[in-house]
Amino acid sequence: MTDTRGQQPPYEAYGSKPQPQQQTAQPYHPPQAYPQPGDGGTHGGRGRGGGGTTGVRKPRTGARTTPRTRKARLRVSKADPWSVMKVSFLLSIALGVCTVIAAAVLWMVMDAMGVFSTVGGTISEATGSNESNGFDLQSFLSLPRVLMFTSIIAVIDVVLATALGTLGAFIYNLSAGFVGGVELTLAEDE
C-alpha cells in the first residue's frame, strides 16, 4: 500500500506547533481501480504495481471462475380458491375428453381383434337354454352404449375433481395459517 498523504513529521513533533511545511502537504488521493475519464487509460503513476497501467482488471488468484447459481427460498402461504377451481375444472375437462377418446379407441381395437364375438359366444352358450339364445354381449357392449357410459363417468369426474380441488385450496389455506405454508427453493438455470 502506498502512502500518498505526503511526508509526515516524526512522532515527537505531534505535540508541538505545526511546522509550515506540513500545511502545504497535498490532500489524500486513494488509489483508483479504474482510470478516470481523460486519463488516457493510465492511473497517473498512482495505481497498483507502479507506472501507468491500463484499466483492465486482472482476476484475483483463488477467485471463483464459475458463475454462482442464484437461489431463492419462497413460501406458498395462500392458494386462491377461485384460480384453483378454474385450473382444476379445465384439467378435469381435458382428462374427461381423453377418457372418452381412449374408451372409443380401445373398443374399436377389441372389436377388430374379435374379442366381443368370442367372449359373447362363450357367454351365450353358458347362459342359453333350449328356448333362448342366452345373454347377447355384443348388443349390450355396443359402441354407442360404451361411449354414453364413458361420457357419464367423465362428467361425474369433472364435477368431483373441480369440487375436490377447490376444497383442497380451502384446506391448504387453513393449514398454511398454522404452519406457514410450503417452502420452495428456486434456482436459476446456468
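**Exercise 1. A residue in a helix**

Is Thr162 buried or exposed, and what is its relative accessible area? Locate Thr162 in this predicted model and list its contacts outside the local sequence.

*Solution.*
Step 1. The secondary structure places Thr162 in helix α5.
Step 2. The relative accessible area of Thr162 is 12%. The limit for a buried residue is under 20%, so Thr162 is buried.
Step 3. Once neighbours within four places in sequence are set aside, Thr162 is in contact with Met85, Ser88, Phe89 and Ser92.

**Exercise 2. The packing of two helices**

Determine how helices α2 and α5 are oriented towards each other, and describe the make-up of their contact.

*Solution.*
Step 1. Helix α2 covers residues 81-113 and helix α5 covers residues 143-179. The two pack at an angle of about 160°, and their axes are 8 Å apart.
Step 2. Angles over 145 degrees count as roughly antiparallel. Helices α2 and α5 are therefore roughly antiparallel to each other.
Step 3. The crossing in which α2 passes α5 is right-handed.
Step 4. Sorted by class, the contact of α2 with α5 contains 18 nonpolar, ten polar and one charged residues.

**Exercise 3. A proline in helix α2**

Classify Pro81 by accessibility, and find which residues it touches beyond its sequence neighbours.

*Solution.*
Step 1. Pro81 belongs to helix α2.
Step 2. Its relative accessibility is 13%, so Pro81 counts as buried.
Step 3. Not counting residues up to four places away in sequence, Pro81 touches Thr166, Ala169, Phe170 and Asn173.
Step 4. Pro81 and Gly168 lie 87 residues apart along the chain, yet their C-alpha atoms are separated by 8.4 Å.

**Exercise 4. Leu184 and Thr118**

Compare the accessibility classes of Leu184 and Thr118, and give for each a distance to a residue elsewhere in the sequence.

*Solution.*
Step 1. Leu184 is part of strand β2, residues 182-187. Its relative accessibility of 38% makes Leu184 partly exposed.
Step 2. Leu74 is 110 residues away from Leu184 along the chain, with 5.1 Å between the two C-alpha atoms. Leu74 is also among the residues that Leu184 touches, together with Ala72, Arg73 and Val76, when residues up to four places away in sequence are not counted.
Step 3. Thr118 is located in helix α3, residues 115-127. With 51% relative accessibility, Thr118 counts as exposed.
Step 4. From C-alpha to C-alpha, Thr118 and Gln138 are 9.7 Å apart, while 20 residues separate them in sequence.

**Exercise 5. The whole chain and its confidence**

Describe the overall build of the protein chain, and state where the confidence of the prediction is highest and lowest among its elements.

*Solution.*
Step 1. The protein chain has five helices and two strands, which follow one another as α-β-α-α-α-α-β along the sequence.
Step 2. Of its 190 residues, 15% count as buried.
Step 3. Consider contacts between residues at least 6 apart in sequence: 61% of them join residues at least 24 apart.
Step 4. The mean pLDDT of the protein chain is 78, and 63% of the residues reach at least 70.
Step 5. Among the elements, α2 has the highest mean pLDDT, at 95, and helix α1 (residues 20-23) the lowest, at 54.
Step 6. Over residues 43-47 the pLDDT stays under 50. For this stretch the model has ten contacts beyond four places in sequence.

Key:
Residues numbered from 1 in each chain as written. Predicted model: local features only at pLDDT ≥ 70, side-chain atom pairs only at ≥ 80, totals over all residues. Heavy atoms only, no water. Axes fitted to C-alpha atoms, helices over the stretch in contact; angles between N-to-C directions. Helix = DSSP H or I, 4+ residues; strand = E, 2+ residues; numbered from the N terminus. Parallel < 35°, antiparallel > 145°, perpendicular 65-115°, else oblique. Left-handed = near helix turned anticlockwise from the far one by under 90°. Nonpolar A, V, L, I, M, F, W, Y, C, P; charged D, E, K, R; others polar. pLDDT = per-residue confidence, 0-100. Contact = heavy atoms within 4.5 Å. Buried < 20%, exposed > 50% of the residue type's maximum accessible area, 1.4 Å probe, protein only.
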